[in-house]
Amino acid sequence: MSTNLVWFKHTDLRLKDHQALKSAFSNKKSNVLLIVCIDPFFFSTTKFGHVKFDKFKEKFLYESIINLYQNIKKYNGHLNIYFDSPLNVIPTLVEKFNIKAIYHIQDTTSEELSLLENIKLKINVPFKTYWSNTLYHIDHIQFPIPFIFSQFKNKLAKLPILEEFNLNLQKLSRTITDIDDFEKLQNKNNDIHLKLIFKPGEDAAWERLHYYFFDSQLLSTYKITRNSLIGDDYSSKFSPYLAFGNISAKSIYHQINKYENSITKNESTYWLYFELLWRDFFRFSTLQYKNKIFQIQGIANKKLPWKYISDNHTKNLFQHWKNGTTGYPYIDAIMIQLKKTGYISNRARQMTASFLTKDLQIDWRAGADYFESILIDHDVASNYGNWNYSAGVGSDPRENRYFNVYKQCLNFDPTCEFILFWIPELQKYDKNNIIHASKLFTYHPKIINIKPYKNFKN
Ligand SMILES: Cc1cc2nc3c(=O)[nH]c(=O)nc-3n(C[C@H](O)[C@H](O)[C@H](O)COP(=O)(O)OP(=O)(O)OC[C@H]3O[C@@H](n4cnc5c(N)ncnc54)[C@H](O)[C@@H]3O)c2cc1C
């Protein structure tokens, strides 16, 4: 009997709508070896000195794999977990089990692609590669895609969105065991003493979806609430599940349709689909612009006067930004939330990215690198695409988009509820002064002077 290998990556940890998984079982006569690799590379240090997977991502990864392992077990199947690079693991398994083909989901960015190329150099087995992590299928996308999002969006309107590719899970009993390192994984997970704000894994992703859509019907007001800052419910919080592939964008789309057919269809239901289109846009952009998304001039190839993290003064400013000690309470509250939870809202990301790149004029790649490490929902395409955009080197059609810290605070935290939640020691100050970072005598001094906002009366 021949054996196929399914290689789960950290970006597709799910059973539902997984075309590579489904296809690997299509030949009734094949055994299937399911593998996932916890690559030591995930915990290496980047050139800006951050661990690629900081503790939030690390724990989310472990718990997503634990959930996947348990779900496979329910069907008498087995997931082999390796604490090694796929570059070592896959060639060894190919030889040991005489693997006929390797099934996996297509990546689009350089580290993942060069890993694949290096594996291919070591073995002579066909790779069956599937496109799975966007709403729209790559076969339907016409390249080059437009530079600007709105034009990309308009082109998609007539394209189909495919149905889910769901495996009959009874077939999982045809999987075979090489090793069982589940206990080691559980121990590693237990060693990280941290309570995540999101419960990881495929089951939790679907629980969240059912809660957000059908139990609470929060989807009906998504467009009105999505720019808020406080609480669990102002936005979907699907991003960590999408980043680890616990749920597919396509599955979410089909559930939006179900909601529209059974509950209501309005601007908010459309808007969640619209935001998922942004995700597609950045993902397809990585194919088009390749490593430009990581380069200082960005996909727009624009030269701007950046301060590099090379001298002590700039290093110091960058540390203040990361630690939430800039002297601007609104920025600091956001950065403290990020440091403590691994998550901040979209508005908050836009604000702090603007502060780093437009006010401090610091090399945007350092900020993106920090986000890559700390964000629980880090996704290469969305992170670098958005940083390109925020830094003014991306696909933003507007020149010099700028978020004024006072104005943003007035609009999105006028009562300082968010700020005081993260920095309670500011309680004693007048709210007007907190918003305008003025006369906060016992607070951090401001690391840069931003002109007072026009409406400020002190
Ligand atoms: C500087 C910066 C860095 C970012 N880094 C990431 C990242 O690493 N990973 C990530 O998933 N998102 C990133 N985003 C986009 C966005 O902030 C998050 O997707 C969103 O805040 C996640 O919360 P949510 O799931 O509740 O979003 P919702 O508002 O509920 O949106 C639903 C889904 O739509 C997608 N989406 C929404 N906004 C965007 C957007 N601007 N770009 C791409 N997709 C979007 C996400 O998949 C999100 O889960 C970044 C934005 C900025 C400005």
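Is the crossing of α14 and α16 left-handed or right-handed? The crossing of these two helices is right-handed (near helix turned clockwise from the far one by less than a right angle; anticlockwise is left-handed). This is a predicted model, in which local features need pLDDT of at least 70 and side-chain atom pairs count only at 80 or more, while totals for chains, interfaces and linings use all residues. Residues are numbered from 1 along each chain as its sequence is written.

**View 1. Helix α14 against helix α16.** Helix α14 spans residues 346–359, and helix α16 spans residues 380–391 (helices are DSSP H or I runs of at least four residues, strands E runs of at least two, numbered from the N terminus). Their axes come within 9 Å and cross at roughly 55° (lines fitted to C-alpha atoms, for helices over the stretch in contact; angles run from 0 to 180 degrees between N-to-C directions). That makes α14 oblique to α16 (under 35 degrees is roughly parallel, over 145 roughly antiparallel, 65 to 115 roughly perpendicular, the rest oblique). On the α14 side, R349, Q350, A353, S354 and T357 make the contact (C-beta atoms, placed from the backbone, within 7 Å). They meet N386, W387, S390 and A391 of α16. By class, this contact has 3 nonpolar, 5 polar and 1 charged residues (Ala, Val, Leu, Ile, Met, Phe, Trp, Tyr, Cys and Pro are nonpolar; Asp, Glu, Lys and Arg charged; the others, Gly among them, polar).

**View 2. The shell around the ligand.** The ligand is surrounded by 29 residues (C-beta atom, placed from the backbone, within 6 Å). The closest are S235, S236, S239, N383 and N386. N386 also belongs to the α14–α16 contact. Four elements give two or more residues each: α9 (239–243), α11 (267–289), α14 and α16. Helix α11 gives the most, with 6 residues. The shell holds 11 nonpolar, 11 polar and 7 charged residues.

**View 3. The open parallel sheet.** Its 5 strands follow the order β3-β2-β1-β4-β5 (strands pair if DSSP finds at least two bridges between them). β3 (79–82) and β5 (127–130) stand at the edges with a single partner strand each, so one side of each has no neighbour in the sheet. On average, neighbouring strands are turned by 25° against each other, direction ignored. β4 (residues 99–105) pairs with β5 in the parallel sense over 4 bridges. In this pairing, H104 stands opposite T129 in β5.

**View 4. Helices α2 and α3 on the sheet.** Helix α2 (residues 55–74) lies across β2 (31–37) and β3. Its direction makes about 150° with that of β3. Helix α3 (residues 86–97) packs on the sheet, touching β1 (3–8), β2, β3 and β4. α3 runs at about 165° to β2.

**View 5. Helix α2 against helix α6.** α2 packs with α6 (residues 182–191) at an angle of about 145°, their axes 10 Å apart. This crossing is left-handed. From α2 come K59, Y62, E63, I65, I66 and Y69. From α6 come F182, L185, Q186, K188 and N189. The contact counts 6 nonpolar, 2 polar and 3 charged residues.

**View 6. Backbone details at P144 and N76.** F143 and P144 are joined by a cis peptide bond, with omega about 0°. P144 sits in the loop between β5 and α5 (149–156). N76 is not a glycine, yet it has a positive phi of about 60°. N76 lies in the loop between α2 and β3.

Methods: Two residues are in contact if their C-beta atoms, placed from the backbone, lie within 7 Å.
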